[in-house]
Amino acid sequence: MKKWLNRLWKTVVIGLAVILVLLGSGAIYEQVSIRKDLKSYTPSGNLYKVDGKNMHLFTGGQGDVTVVFASGWGTANPYVDFSPLYEKLAPHVKFAVYDRFGYGYSDTTDKKRNIDTITNEIHELLKVSGQKPPYLFVGHSLGSLETIRFAQKYPGEVKGIVMVDGGSPEYYYNDTDPVLDGFGKKLLIKTGVIRMLFHSDSVIESSRSIRNGLKFVPDDLKKIDLTASLLKLENANIQDELRQFKVNAKIVVDDKKPFPFPLTVLTSDYLGVKNDDWNKSEAEFTSWSLLAKQYVVKDTEHYIHQYRPDLVSDEILSLAKR
């Protein structure tokens with residue numbers, strides 16, 4: 001009996017040692033890979049100092065109206081994500097794609113992701129980079145909160161909003177889904193497991209499936225997107241945005257007053273999968289403007305602009321001309 005216990009104990013010790021070696025090796029692999037990625041991951045636009053940190057803005061186009069793009073939660077690189085849109089818009093309007101702190105090419109910040117802090121940072125970025133209102137905001141997913149808050153705080157600088165499957169503030173405020181801390185996922189990231197999985201084409205394709213496989217994105221930008229995903233996964237700012245979304249939504253809801261400018265709500269049909277609560281909230285989203293309309297875009301998923309960039313860009317230009 002004693003010999004059996006000794007063998008069991010040795011087996012456990014050896015097993016733990018092997019696990020620690022593998023975890024340590026994976027962590028070293030991850031850190032070496034990060035340093036290598038950072039050498040090639042150079043800003044597509046320009047970096048500006050906002051509260052002492054670097055914040056990234058990619059601009060282009062021509063015209064009297066500037067279209068400002070607000071990405072959804074967890075979209076690692078907005079420059080890539082919105083590329084099917086701004087390429088179509090460039091001959092007609094100016095555009096500005098910003099990276100919140102923790103996203104794209106921007107730094108991370110120690111400041112909590114309170115909606116007013118986020119909005120003030122966006123306003124300061126647009127100001128120091130020389131952008132001129134009026135702005136037409138395009139908000140995807142959770143980016144809806146900062147676009148609405150921006151209009152509440154700086155009403156004279158906004159001439160319209162297009163929501164691309166953006167959730168209403170009421171929807172986010174009433175959301176009862178628990179926010180998980182994601183410890184297991186963090187461990188997989190820190191030990192290089194996620195990075196190793198992304199060597200598989202099937203894993204890459206699966207990660208892009210909600211975005212229509214990035215069908216309208218050039219191959220060189222797809223590579224940037226993959227690098228950004230590995231560099232930005234689950235950083236502190238992205239995590240805190242998720243923790244704060246319900247509180248942030250309440251701040252926006254409490255200051256509700258219908259806007260005098262146009263609001264277009266583009267809603268995905270989720271490839272025919274019904275979600276009554278979401279659909280109801282999207283229809284009611286129009287209450288946020290005196291000049292609002294909703295349009296359900298067929299045969300799309302949450303990233304509507306990756307399925308129908310032509311339709312989304314036409315809606316943006318329609319508001320820009322008003």
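This dialogue explains how to read a sheet, two helix packings and one loop residue in a predicted model.

Reader: Let us begin with the sheet. In what order do its strands lie?

Author: The model contains an open sheet of eight strands, with mixed pairing and the order S1-S2-S4-S3-S5-S6-S7-S8. Strand S1 (46-50) and strand S8 (289-297) are the edge strands, since each pairs on one side only. From one strand to the next, the twist averages 25 degrees.

Reader: How many bridges join strand S2 to strand S4?

Author: Strand S2 (residues 53-61) and strand S4 (residues 94-98) run antiparallel and are joined by five bridges. To follow the pairing at one position, take Leu57, whose bridge partner in S4 is Tyr98.

Reader: Which strands does helix H5 lie across?

Author: H5 lies across strand S3 (66-70), S4, S5, strand S6 (158-164) and strand S7 (259-268). With respect to S6, H5 runs at about 165 degrees.

Reader: How is the packing of two helices described?

Author: One gives the angle between the two axes and the distance between those axes. In this model, helix H4 (residues 115-128) packs with H5 at an angle of about 75 degrees, and their axes are 9 Å apart. An angle from 65 to 115 degrees counts as roughly perpendicular, and H4 and H5 are therefore roughly perpendicular to each other.

Reader: Which residues of H5 does H4 meet?

Author: On the H5 side they are Leu145, Glu146, Arg149, Phe150 and Lys153. The H4 side includes Ile115, Asp116, Ile118 and Leu126. Sorted by class, this contact has six nonpolar, three polar and four charged residues.

Reader: At what angle do H4 and helix H11 pack?

Author: H4 and helix H11 (residues 236-254) pack at about 90 degrees, with their axes 9 Å apart. H4 is therefore roughly perpendicular to H11. Here Ile115, Asp116 and Ile118 in H4 meet Glu241, Asn248, Ile251 and Val252 in H11. The classes in this contact are four nonpolar, one polar and two charged residues.

Reader: Finally, I turn to a single residue. Where does Ser141 lie, and is Ser141 buried or exposed?

Author: Ser141 belongs to the loop between strand S5 (135-140) and helix H5 (143-153). A residue counts as buried when its relative accessible area is under 20%. Ser141 has a value of 12% and is therefore buried.

Reader: Which residues is Ser141 in contact with, leaving aside its neighbours within four places in sequence?

Author: With those neighbours left aside, Ser141 is in contact with Gly72, Val164, Asp165, Gly166, Gly167, Tyr172 and His302.

Methods: Residues are numbered from 1 along each chain as its sequence is written. This is a predicted model: local features need pLDDT of at least 70, side-chain atom pairs count only at pLDDT 80 or more; totals for chains, interfaces and linings use all residues. Side-chain values use heavy atoms; hydrogens and water are left out. Helices (H or I, at least four residues) and strands (E, at least two) are DSSP runs, numbered from the N terminus. Buried means under 20% relative accessible area, exposed over 50%, partly exposed in between (1.4 Å probe, protein chains only). Contact means heavy atoms within 4.5 Å. Axes are lines fitted to C-alpha atoms, for helices over the stretch in contact, and angles run from 0 to 180 degrees between N-to-C directions. Angles under 35 degrees count as roughly parallel, over 145 as roughly antiparallel, 65 to 115 as roughly perpendicular and the rest as oblique. Ala, Val, Leu, Ile, Met, Phe, Trp, Tyr, Cys and Pro count as nonpolar, Asp, Glu, Lys and Arg as charged, and the others, Gly among them, as polar. Two strands pair if DSSP finds at least two bridges between them.
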